[in-house]
Amino acid sequence: MIKISKYCKVWAGFVLCLFLAGCITIPKGLLIPNKNILEQRQLQMRQYDTKDEEKIIKSVAGVLQDLGFILDNSETKVGFIAASKKADATDGGQIAGAILLDVLCAVGGVSSNSTANCDKAQVVKASVITQPSQDGSKMVVRVTFQRIVWNMNNQVSRVETINEAEIYQKFYEGLSKAIFLEAQSI
């Protein structure tokens with residue numbers, strides 16, 4: 001008898017889960033890609049007229065180091081490089097606004113410490129993937145830049161992908177020059 005009631009409870013729970021799962025609806029537009037994805041890919045990817053992935057990897061590593069990055073990880077067999085660099089994240093306008101807010105709160109008799117939420121430091125991370133093009137005649141390079149920002153309390157305040165075109169243009173201009181120089185053995 002004890003076994004039957006145990007199985008009944010399990011089956012009842014299973015049926016209840018199926019019933020509840022059937023009530024869930026998928027939000028409209030869930031599988032529709034973001035409109036900015038194509039723009040981001042165009043910003044992040046370039047093709048080069050070479051099949052020599054090793055030269056591309058060497059050039060990528062050199063460009064990242066020229067831009068002040070330290071190579072964190074490299075898997076040349078799969079065409080992956082990760083690099084990072086530390087940078088100051090303080091913004092005079094942000095600090096001035098926080099101080100003004102603190103002063104206004106003090107005048108109003110309210111305690112505030114807005115300056116603790118101001119940005120202090122950041123780490124910019126670069127991830128590069130190389131792979132042959134679909135037809136195998138070229139190499140495709142994709143780079144992404146992210147940053148992690150800490151506030152004055154040494155807490156992570158933001159983690160974000162950097163989408164500023166100037167940064168990607170600077171990287172790819174340097175990479176194009178490095179690939180040319182590598183090809184010419186200069």
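**View 1. Who lines the largest pocket.** In this predicted model, β6 supplies the largest share of the lining of the largest pocket, namely three residues. β6 isn't working alone, though: β3 (80-88), β4 (119-132), β5 and α5 (165-183) each put in at least two residues as well. The lining runs to 14 residues in total, and the ones nearest the pocket centre are Phe69, Lys85, Val124, Ile162 and Ile167. If you're thinking about chemistry, the lining splits into seven nonpolar, two polar and five charged residues. The pocket volume comes out at about 250 Å³.

**View 2. Arg147 and its polar partners.** Zoom in on strand β5, residues 139-151, and you'll find Arg147 there. Which side chains does the side chain of Arg147 make polar contacts with? One is Gln122, at 2.6 Å. Another is Glu160, where the polar contact spans 2.5 Å. Setting aside residues up to four places away in sequence, Arg147 touches Gln122, Val123 and Val124, plus Arg158, Val159, Glu160 and Ile162. Two names on that contact list, Val124 and Ile162, also turn up among the residues nearest the centre of the largest pocket.

**View 3. Asn154 in the β5-β6 loop.** Asn154 sits in the loop that links β5 to β6 (156-162). Check the backbone here: phi of Asn154 is near 60°, a positive value in a residue that isn't glycine. Is Asn154 buried or exposed? Its relative accessibility is 52%, and since the exposed class starts over 50%, Asn154 counts as exposed.

**View 4. The largest nonpolar core.** This core has 24 residues, and those touching the most other members are Val60, Leu64, Val128, Val141, Phe145, Phe171 and Leu175. Two or more residues come from each of α3 (53-66), β3, β4, β5 and α5. Which element gives the most to this core? That would be α3, with six residues.

**View 5. A closer look around Leu64.** Leu64 is one of the core residues that touch the most other members, so here's its neighbourhood, with residues within four places in sequence left aside. Leu64 is in contact with Phe69, Leu71, Ile81 and Ala83, along with Ala126, Val128 and Phe171. Of these contacts, Val128 and Phe171 are also listed with Leu64 among the core residues touching the most other members. Phe69, another contact of Leu64, is one of the lining residues nearest the centre of the largest pocket.

Terms used. Residues are numbered from 1 along each chain as its sequence is written. This is a predicted model: local features need pLDDT of at least 70, side-chain atom pairs count only at pLDDT 80 or more; totals for chains, interfaces and linings use all residues. Side-chain values use heavy atoms; hydrogens and water are left out. Helices (H or I, at least four residues) and strands (E, at least two) are DSSP runs, numbered from the N terminus. A polar contact is a pair of N or O atoms within 3.5 Å; within protein, one must be able to donate a hydrogen and the other to accept it, and residues adjacent in sequence count only if both atoms are side-chain atoms. Contact means heavy atoms within 4.5 Å. Buried means under 20% relative accessible area, exposed over 50%, partly exposed in between (1.4 Å probe, protein chains only). On a 1 Å grid over the protein atoms alone, a cavity is a set of points where a 1.4 Å probe fits but cannot get out, and a pocket is an open set with protein on both sides within 12 Å along at least five of seven lines; lining residues have an atom within 4 Å of a point. Grid points are joined across faces, edges and corners, and a volume is the space filled by probe spheres set on the points. Ala, Val, Leu, Ile, Met, Phe, Trp, Tyr, Cys and Pro count as nonpolar, Asp, Glu, Lys and Arg as charged, and the others, Gly among them, as polar. A nonpolar core is a set of buried Ala, Val, Leu, Ile, Met, Phe, Trp, Tyr and Cys residues joined through side-chain atoms within 4.5 Å.
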